[in-house]
Structure formats: structure tokens, C-alpha cells
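Subject: Structure handover

Dear colleague,

Here is the structure I said I would pass on. My notes on what I found follow below it.

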Amino acid sequence: MATLAPTRPAPPEAAPHPPGRALDALNFFLADVRDGLGPYLAIYLVAVRGPTHGWNEATAGLVLTIAGIVGLLAQTPAGWLIDRSTRKPAIVIAAALVVTLGSVSLPFVHGFGPVVVTQSLAAAAGALFAPAIAAITLGLFGARAFSARVGRNEAFNHAGNAVSAALAGVLAWRFGPVVVFYLMAGLTVASVLAARRIDSRQIDDEVARGLDCAPDETAAACEAEPGWRVLLEQKALLLFAALAFLFHLANAAMLTSVSQLFARTVGKDQATSLTAACIVAAQLVMVPMALLVGRKADAWGRKPLFLAAFAVLAARGALYTVSRDPWWLVAVQALDGVGAGIFGALFPIVIADLTRGSGRFNVAQGAVATAQGLGAALSATLAGTIIVGAGYAPTFLTLAAIAGGGLTLYALAMPETRERSS
């Protein structure tokens with residue numbers, strides 16, 4: 001007896017409950033959850049726990065590095081899991097709960113080892129967010145609408161970061177830096193409710209992993225290339241991974257170092273509020289930048305936008321050394337909205353360009369994110385070590401020089417990938 005092939009999901013606009021608004025809400029509320037405590041962890045360890053409990057910039061940086069390494073080792077398996085999953089919103093919910101539990105337990109956890117364990121678990125779970133959101137987006141809206149929809153995702157993500165950071169700054173001024181734990185718990189509840197509104201049955205899981213399937217093709221007729229071949233034989237993908245490494249080696253420690261500088265110069269309570277102001281300033285700039293990338297990446301190409309991101313990152317590192325005035329540092333941090341805003345929006349677009357038709361979109365995302373995470377993890381230790389040995393100005397200039405190296409490499413070696421999506 002013949003069996004019927006499984007039907008492909010209907011386009012989201014044809015579904016009874018279009019998921020666009022739920023995806024907007026998920027990106028908004030998940031913004032402050034997906035990265036865990038971020039720079040607030042350094043403030044908490046350096047300013048609240050402090051030297052009397054064995055914490056300084058170097059030990060805090062070591063925690064961030066170890067957790068970052070765990071997170072980066074989880075990146076490729078996370079992409080593999082997302083490629084094979086048919087319940088992607090449920091994975092987002094589970095990851096959000098793990099990250100939040102690992103973060104809100106910190107006030108009750110003492111000693112270097114337990115802190116490393118909780119933050120490492122949070123980092124491993126956090127590795128699932130980026131490939132899951134990208135896959136959900138690609139599976140719901142398809143390749144043609146992907147660039148614009150990624151820009152919209154990033155805009156809501158940055159808006160969520162700005163709002164949560166503003167709340168953290170105001171509440172920390174009134175109640176102290178511990179308030180960020182409670183804020184994260186509330187945002188996790190909201191993100192879980194948003195994820196539950198996305199119906200997995202509306203997601204085309206074959207399109208979500210980068211396969212170029214015709215609407216009437218079954219999964220069996222639309223085979224993926226072996227993962228190792230996509231990762232090892234695509235030279236442009238390997239080069240892009242190296243560039244992602246350099247970008248995050250330069251970028252990841254900048255805000256953390258600024259927050260630690262605040263803690264040293266103005267005290268822990270004002271440091272939390274000023275760090276929140278830094279985040280708000282950057283995120284407010286990232287919203288229009290993400291929308292710009294979504295609307296213009298296909299028309300202008302990917303390469304000019306990425307070169308601008310590297311150039312602004314290098315300039316930002318140098319400008320931090322001009323003054324220690326808190327509001328000057330906040331203003332310079334706003335430039336993160338240009339550099340990181342462009343990078344965040346273009347990252348999945350370039351990966352989609354390079355892997356289209358392979359069926360390994362999320363594995364490739366995970367592999368490149370591993371290189372990116374390695375850069376971010378090493379950035380914390382590099383910056384912490386230079387701060388302790390030489391001070392803050394040499395640290396920022398070193399990070400700026402790394403960004404300049406990435407700019408040069410991208411300009412000379414990275415091809416334009418836009419034609420691959422035509």
C-alpha cells in the first residue's frame with residue numbers, strides 16, 4: 001500500500017496565526033536573557049565580592065574565559081541539534097530556563113569553582129539561542145525574506161536590550177546591583193510565553209537548515225551535504241570564521257573593561273547604572289543599524305557594511321583612551337551600536353549565503369560561532385591581564401589594533417557573498 005509523503009508547512013502568511021509578532025516579542029524579551037549576566041557579572045564579582053573574597057579583574061576575566069570556552073565548545077553541537085530538531089521553540093524555552101537558573105543562583109554560590117560551573121552551564125545553554133532564532137526565521141519566512149527579517153529580529157533584540165538595560169540602571173541605582181538577577185527572571189518568563197506562541201508546525205524544517213527544496217519535495221528528496229564537507233571545503237566560510245574570531249577578540253572585552261573602570265573610579269552602585277547607560281546607548285544605535293542592514297544588505301552588498309563595522313570598532317577602542325570622564329566613555333560605547341549592530345545582523349545572512357543548498361546552515365552557524373566565541377573568551381583574559389599589568393589605556397589600544405587587523409584582512413581577502421543569494 002502506498003504511503004503519502006509528508007506535506008511541507010504552509011507559508012507563515014497563509015497560516016491561521018501568523019508568527020511574525022510572536023517572533024518580534026521573542027527577540028525583544030530574550031535579548032537580556034541570551035547572554036546571561038554579561039558585563040554585570042564582572043561588576044558583581046569585582047565590586048560586590050571584591051578582593052576580600054579573592055576577586056579582581058584578572059580572576060573575573062578568567063571566569064568569563066572558562067565559561068566562554070564551554071559556550072564555544074557547545075556551538076557546533078548546538079547547530080547540529082537545531083538542524084535536526086522539529087521543536088525549535090521548545091529548545092529556546094529550555095535554554096532560557098537553564099541560562100536564568102545559572103545566573104540567578106550566583107548570589108547563593110561561593111568560591112571560584114562553583115561560580116565557574118554555574119556560568120559555564122549558562123554559556124552552554126546560551127549557545128542554542130542564535131542558531132535556533134535564525135533557523136526559526138529561515139523556516140518561517142524563507143530565503144528571499146531572510147535578510148529583511150533578520151534585520152527586524154536584530155532591531156527587536158536591541159530594543160529589548162535597551163529597555164532592560166535602562167530598567168537595570170534605574171533599579172540598580174535604587175536597590176543595588178543585585179537587582180539584575182530579578183530582572184532577568186522576569187524577562188525569562190516573558191520570553192517563554194512568547195516562544196510558546198510560535199507553532200513548530202509552521203516552520204519548514206528543511207528550509208530552516210538551508211536546503212533549497214521545491215515546495216512539493218520531501219525531505220528524502222532534498223538531501224544535505226555532509227557537514228564536514230561544508231565546514232572544511234568552503235574557504236570563504238573558514239575565512240569568515242577567522243574574521244569573526246578577530247572581531248570578537250577585539251570587541252568582547254571592551255564593555256567589560258569599561259564597566260570595571262567605572263567600578264574603580266565611581267563605585268559599584270554608580271558603575272552598574274553607568275554600565276546600563278552604556279548598554280542603552282549602544283542598543284539604541286543598534287536598532288536603526290539592524291534595520292538598515294536588513295533593508296540594504298541585498299542592494300549594497302555585505303562587504304562594505306562589514307568593513308564599516310571593523311573600522312568603527314577600531315576607532316572605538318582608540319577613543320576610550322582620550323578621557324576617563326564617565327559620560328565620555330558612555331558616548332564612545334554608543335559606537336558599539338554601529339559595529340556590533342552591523343555584525344549581529346549580517347552574521348546569519350553571510351552564513352546563509354555561503355551554505356545555501358547545503359542543508360548545513362545551522363551547523364555552519366555553530367562552527368563559525370565557535371570561532372567567534374573563542375575570540376570573545378580570549379578577549380576577557382587578554383584584557384584582564386593587560387589591565388592588571390599595564391592599565392586600561394594599553395588594553396583599549398591593543399583591542400583597537402586587533403580590530404584594525406581584522407579590517408585589513410576583510411578588505412584584502414574576503415569576497416562579496418551577495419551574488420550567492422541571487
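Serine 379 counts as buried, at 0% relative accessibility. This is a predicted model, and that applies to everything that follows. Serine 379 sits in helix α16, which covers residues 361–390. The side chain of serine 379 comes to 2.8 Å from the backbone oxygen of leucine 249. Setting aside residues up to four places away in sequence, serine 379 touches His248, Leu249, Ala252, Ala253 and Leu399.

Salt bridges

Side chains of opposite charge can pair when their charged atoms come close. How many salt bridges does a search of the whole structure find? The count is seven.

One of the seven joins the side chains of aspartate 199 and arginine 201, with 2.9 Å from N to O. Aspartate 199 is partly exposed, its relative accessible area being 24%. Arginine 201 is exposed, at 69% relative accessibility.

Arginine 302 has a salt bridge to aspartate 298, at 2.8 Å from N to O. Is arginine 302 buried or exposed? Arginine 302 is buried because its relative accessible area is 1%, and buried means under 20%. Aspartate 298 is partly exposed, with a relative accessible area of 38%.

The side chain of arginine 302 also forms a salt bridge with that of aspartate 353, at 2.7 Å from N to O. This pair links distant parts of the chain: arginine 302 belongs to helix α13 (residues 302–319) and aspartate 353 to helix α15 (residues 336–355), with the two positions 51 residues apart. Aspartate 353 is buried, with 3% relative accessible area. Elsewhere, Asp24, Arg149 and Arg152 are joined into one network by salt bridges that share partners.

Helices α7 and α15

Two packed helices are described by the angle between their axes and the distance between the axes. For helix α7 (residues 146–175) and α15, the angle is about 150° and the axes are 9 Å apart. The crossing of these two helices is right-handed. On the α7 side, the residues in contact are Phe146, Ser147, Val150, Glu154 and His158. They meet Gly341, Gly344, Ala345, Pro348, Ile349 and Ala352 in α15. By type, the residues of this contact are six nonpolar, four polar and one charged.

Helix α1 and glycine 160

How many of the eleven residues of helix α1 are buried? Eight are, and the helix (residues 20–30) is mostly covered. The buried ones are Gly20, Ala22, Leu23, Asp24, Ala25, Leu26, Asn27 and Leu30. Asp24 is thus on this list as well as in the salt-bridge network with Arg149 and Arg152. The buried residues of α1 pack against α4 (88–104), α6 (129–141), α7 and α8 (179–196).

Glycine 160 is part of helix α7. With a relative accessible area of 4%, glycine 160 is buried. Glycine 160 and leucine 26 are separated by 134 residues in sequence, while their C-alpha atoms are 9.6 Å apart in space. Apart from neighbours within four places in sequence, glycine 160 is in contact with Phe28 and Ala31.

Regards

Notes:
Residues numbered from 1 in each chain as written. Predicted model: local features only at pLDDT ≥ 70, side-chain atom pairs only at ≥ 80, totals over all residues. Heavy atoms only, no water. Salt bridge = Lys/Arg side-chain N within 4 Å of Asp/Glu carboxyl O. Buried < 20%, exposed > 50% of the residue type's maximum accessible area, 1.4 Å probe, protein only. Helix = DSSP H or I, 4+ residues; strand = E, 2+ residues; numbered from the N terminus. Polar contact = N/O pair within 3.5 Å; in protein donor to acceptor, adjacent residues only side chain to side chain. Contact = heavy atoms within 4.5 Å. Axes fitted to C-alpha atoms, helices over the stretch in contact; angles between N-to-C directions. Left-handed = near helix turned anticlockwise from the far one by under 90°. Nonpolar A, V, L, I, M, F, W, Y, C, P; charged D, E, K, R; others polar.
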